[in-house]
Structures are given as C-alpha cells and as structure tokens.
Amino acid sequence: MTSRSVVLGTAIALTVAAPAAAQAPFSAPTAVGGFGAQVQLAGTSSLAVTAEGRSVLAGSGDTANVRFPVAAFGSPGDVPRVGRSLSAPGVITSQPVVAAEGRVAAVVWGAGHTAYLRVATDGRWGQPIAVGRSRLKPQPAVAIQPATGRITVLWRGSSRRGNRLQWRITTGGKLGRTHTLGEFGNDPRIGTDRSGKTIAVWTPYSVTTRGVRTAARRVGEFTKPMSITTAQAQDVRLDVGADGEAIAAWRTPSEGGADVQAPRGTPTWSTRTANTAFSRPQQVAGVADASTLSLDRGATGAAVLAFDRQTDDLTATVSAVFRPAPGRPFGAVQALGTPGFVAAPGASAAVDDRGVATVAWGASVLSGQTGEPGLYAARSTPAGAFGAPQRIDAAAVRAPVLAAAGGSTTLLAWVGEGGVRVARAAP
C-alpha cells in the first residue's frame, strides 16, 4: 500500500529486459466514475486487493475546485467501477490510505487537522469517524488484522505533552480509547500479522535526529521505540505478512545529503520475523541514484523493490530487484522498459499470491526522443525474471500509478487524460 515520493518531468532511458515466459496481458483500461466533475483533477492515492480478489481504490475527487475523499469497490473477478464520496468536500491534508482483508475495508485520510476513518463490510460503508486531531497534518495509516478484521489506526497526533504519534484499535467493531507513543514522527506506516502483532515505522520529526524508527505491539501498548538505522532515510515503506515477517525499505541519500528538488539515494531494506527485531539494513549493490521507491511482499513471502534510477537531471531508468522467499536476498538489478521515455510519477510494485511480481509506471516522450507515451507494466515469473513491458494505455499519466495484488488478481490504477482508469491482469 503506497504513499509515494513523486518526481515529475524526468526522462527515462530504459534498457529492454530479457523476455521471461509468456505473460498474460492486462485488460483494456476501464473508466472509474465518481471522482468529481473535473476528471483531470482526480487523484489516486491507495489501492488494495484481498486474497479473494476483492479490491478497493481510494483517492480524491474535485468538483468546483473543492476536493473530497473517494473510494471505489471491485468484486472478485472485476475491477472498481464507481467511486463514492467518503465525506463532505473540504480541505484534504492527508490523502486517503486504504487497507482490505476478507470482507472488511478501511480508509483513513486527513481533513484539516483531523484524522478520519471509514469502514466497510461487504462493500457497505459505515459512517465516517473522527479518529483524532493533530497540530500538524495527521498523516494517518491503517492496518487490518487477517481473519479477525480488527483495525488499527496510527496518526501524527497531539497530547498534553505535545506532538506525539497516537493510535486507536477497534474492539467489537468500535474504536477504543486513544493511546500515545513516546515520540513524534513523519509518514508513519503500520501492518498487522495474523496473530495481531502490529509493526509501526516512521522517520523522526527532528532536524537533528535521523533514521528510521520502529515499535511493535501484540497486546497492551507499543514497545519503546528504537532505531532500525540512524542514517538519513527517505521514502520509508513497510509490508507486514500474515506470517509475521515484516520488510521495511527506504532510500539512503547519496553523499551530500538529501536533495529536496532531486532526491537520489540507495534502496535499503531490513527484515524482521514475528519474534525478532529488525535485522541490520542491507543495500541494493551499485545503486546510488534511485529517486523513487516502491515495495510489496506477496503471501508466499516473495517480494519486490522497484525504483527509478536517476542517471542525470533528465534521465532515469525504471528498475527492480526481486526476492523469491523469506530469508533469501534480493537478486540482481533488472532494468525494465524501452528507450527514450519521460517519467510520469515513478514505478509501483505488487506481488500476487503465486509470487508473480508486477512493476508499472507512466511515461511520456520528450521532444526529439523516440518511443510511445502511456502506461507500462512488466511482469515476472515466480522465479523473478521480468519480461518485456506491456503498453496498457496510450494516454499520458497524470498521477502516481498504483499496483496491488491479492490471490491471483493484480490491478493497476492511474489517472489519465480522461480521469481515473483501472486495468486487471488476466488470471
């Protein structure tokens, strides 16, 4: 589930990947309604697919220059087709983030200084709930425990002692009291395994403290926060499997520190099991120029990291590394794509329950370059060898491409010239 760092106007000079086994094509793009009257201003921010193939797409719509959060359901074997507004139009300060397990879906977002939650069972929404307030943007995150449907929400909140990360959990379908962690942080992420153990990661909210922080809980309060790394980190990602393994990934900025205008760094990851702490961080060898990062872990433990490699100020390459199973290292870097493209927002990754990975990205063409603009996706074999990319849509991509997988279903969502679009990989 992906909040992403977006770098626009970057050219992609891509090397064609060696073809893998024959790949099932994606369906023709399907329009998704309900994202507002000004479809060119629609946004997609989060996509989830359950093991049963149910899907939820979240984003924002725009009508008369007023934005509102939107979510759309897709039934097994189909794609989301019509979005529904989740609240009255207002100022969205944190884009919607969605989680889905079994029959339950949950969406969180920030409006002003308040974090909101809305829960659906079998596609029927309950009422929006104000989870908590923040002196800053709440940046809420949400996770659902497999099998039980219990929901945990973590956000940047405010307590009597100042700004702190805060969380609430549902019991009997109702949100419990507000709990407070011992520190504050940026862009928090959470995930919950089958046992109910919840892992949280975030970056410190400090100009003097760097790194990636983490805490965990199964019952009671979260453990005392500790550092996975004290080196500077950007684009922190987290994926927690039902079996209790968690992967945290981020970009370690290249020498000279983080450049806000053109951030580049090395994809870095750390793993933990249900009963161990995060391991010593490891880096993708030979890559110091990644400008975006996406992580996904499938039900079998197969995982993929996808990133844009910045070769100069105007040129990048979409690449990926694949891990076939827990405890295995990520493999060699694979370049994906065809020469001469311009990056729309960076690549997005997903792994289905068979261990097949998908990496998708948007592209356009600079004057004087060859190639065709549009949306592209490359798929792997279960062993991790990516095939040549497929061109799924010819229209320019206007928002981050989202990829999500569950069971044998893989979906892509994006905003094209005519609004929100989705496509489904053939099973």
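**Notebook: strands, cores and side-chain pairs**

I started with strand β18 (residues 198-204), which pairs with β19 in the antiparallel sense over five bridges. For the record, I take strands (E, at least two residues) as DSSP runs numbered from the N terminus, and I call two strands paired if DSSP finds at least two bridges between them. What I have open is a predicted model, where local features need pLDDT of at least 70 and side-chain atom pairs count only at pLDDT 80 or more, while totals for chains, interfaces and linings use all residues. Residues are numbered from 1 along each chain as its sequence is written, and side-chain values use heavy atoms, with hydrogens and water left out.

**Around β19**

I looked up the register next: Ala200 stands opposite Ala215 in β19. β19 also pairs with strand β20 (residues 226-229), again antiparallel, over three bridges. There, Arg213 has Ser227 of β20 as its bridge partner.

How many residues of strand β19 are buried? Six of the six in 212-217 are, so β19 is largely enclosed by the rest of the structure. My cut-offs are under 20% relative accessible area for buried, over 50% for exposed, and partly exposed in between (1.4 Å probe, protein chains only). I checked both faces: Val212, Thr214 and Ala216 are buried on one side, and Arg213, Ala215 and Arg217 on the other.

**The sheet β3 to β6**

I moved to an open sheet of four strands, ordered β3-β4-β5-β6 with antiparallel pairing. Its edge strands, each pairing on one side only, are β3 (43-49) and β6 (83-85). I noted an average twist of 25 degrees from one strand to the next; axes are lines fitted to C-alpha atoms, and angles run from 0 to 180 degrees between N-to-C directions. Strand β5 (residues 66-74) pairs with β6 in the antiparallel sense over three bridges. Val70 is the residue I found opposite Ser85 in β6.

**Cores**

Which residues have the most contacts inside the largest nonpolar core? That core has 18 residues, and the ones with the most contacts are Val32, Phe35, Leu47, Leu57, Ala413, Val420 and Val422. I list where it draws from: β3, β5, β34 (402-406), β35 (409-416) and β36 (419-424) each supply at least two of its residues. By a nonpolar core I mean a set of buried Ala, Val, Leu, Ile, Met, Phe, Trp, Tyr and Cys residues joined through side-chain atoms within 4.5 Å.

I then took Ala413 by itself. Leaving out residues up to four places away in sequence, Ala413 touches Leu47, Leu57, Pro400, Val401, Leu402, Arg421 and Val422; contact here is heavy atoms within 4.5 Å. Apart from this core lies another, of 17 residues, among them Phe322, Ala349, Val351 and Trp361.

**Aromatic pairs**

I count six aromatic pairs. The rule: rings of Phe, Tyr and Trp (its six-membered ring) pair if their centres lie within 6.5 Å, with planes under 30 degrees apart stacked, over 60 edge-to-face and the rest tilted. Trp167 and Phe222 are edge-to-face, at 5.2 Å centre to centre and 85 degrees between the planes. This pair links distant parts of the chain, with Trp167 in strand β14 (residues 162-171) and Phe222 in the loop between β19 and β20, 55 residues apart. Trp167 is buried at 1%, and Phe222 is buried at 9%.

Trp361, which I met in the second core, forms a stacked pair with Tyr376, 6.3 Å centre to centre and 15 degrees between the planes. Trp361 lies in strand β31 (residues 357-364) and Tyr376 in strand β32 (residues 374-379), so the pair ties together parts 15 residues apart in sequence. Tyr376 is buried, with a relative accessible area of 6%.

**Salt bridges**

My tally is 15 salt bridges, each a side-chain nitrogen of Lys or Arg within 4 Å of a carboxyl oxygen of Asp or Glu. Glu52 and Arg54 make one at 3.9 Å, N to O. Glu52 is partly exposed at 42%, and Arg54 is partly exposed at 32%.

Where do Arg297 and Asp243 lie? Their closest N and O atoms are 2.8 Å apart. Arg297 is in strand β25 (residues 294-297) and Asp243 in the loop between β21 (234-240) and β22 (246-253), so the salt bridge ties together parts 54 residues apart in sequence. Arg297 is buried at 7%, whereas Asp243 is partly exposed at 46%.

Last, Asp352 bridges to Arg354, closest N and O atoms 2.8 Å apart. Asp352 is buried at 0%, while Arg354 is partly exposed at 41%. I also noted one network, joined by salt bridges that share partners: Asp243, Glu245, Arg297 and Arg323.
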